[in-house]
Amino acid sequence: MWPNPVEALQLTRTYQRRARLTYRLEIPSLGFEDAVARLSSCEFQHLILGIVKNTEPAYHFQLFLSPDASRVVACLGVSQRASKAHHL
């Protein structure tokens, strides 16, 4: 988990761009559109970020948690095999 909360609006903009790039580069992902929609309608001003890496299949999961880390606001997964090939 990241030690400091991040502004939800900043995360929304960042992950909207990353979603377009991931789609354009045809990188396999899970839940990207839903996560961006949840971020854009999020009730919190700041979120805590967490990551989970899975080795088989090789996916990086990005977690967006409420400020008190009591609930998951959004989650997405991006294939690491494809991202290494595209240097994401």
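Alanine 69 sits in the loop between E4 and strand E5, which covers residues 72-79. Bear in mind that this is a predicted model. Alanine 69 is not a glycine, yet its phi is positive, about 60°. Its relative accessible area is 35%, so alanine 69 counts as partly exposed.

There is another residue to put beside that. Glutamate 26 also has a positive phi, near 60°, and is a residue other than glycine. Its place is the loop between helix H1, residues 8-24, and strand E2, residues 29-30. Is glutamate 26 buried or exposed? With a relative accessible area of 69%, glutamate 26 is exposed, because the cut-off for that class is over 50%.

Next, a peptide bond. Glutamate 56 and proline 57 are joined in cis, with omega at about 0°. Proline 57 belongs to the loop between strand E3, residues 46-55, and E4.

That brings me to E4 itself, residues 58-65, and to glutamine 62 within that strand. Glutamine 62 has a relative accessible area of 4%; buried means under 20%, so this residue is buried. What lies 3.1 Å from a polar atom of the glutamine 62 side chain? The backbone oxygen of glycine 50 does. Gly50 also appears among the contacts of glutamine 62, once neighbours within four places in sequence are left aside. The others on that list are Trp2, Tyr15, Leu49, Ile51, Ala74, Cys75 and Leu76.

To recap the backbone points: positive phi at alanine 69 and at glutamate 26, and a cis bond between glutamate 56 and proline 57.

Notes:
Residues numbered from 1 in each chain as written. Predicted model: local features only at pLDDT ≥ 70, side-chain atom pairs only at ≥ 80, totals over all residues. Heavy atoms only, no water. Helix = DSSP H or I, 4+ residues; strand = E, 2+ residues; numbered from the N terminus. Buried < 20%, exposed > 50% of the residue type's maximum accessible area, 1.4 Å probe, protein only. Polar contact = N/O pair within 3.5 Å; in protein donor to acceptor, adjacent residues only side chain to side chain. Contact = heavy atoms within 4.5 Å.
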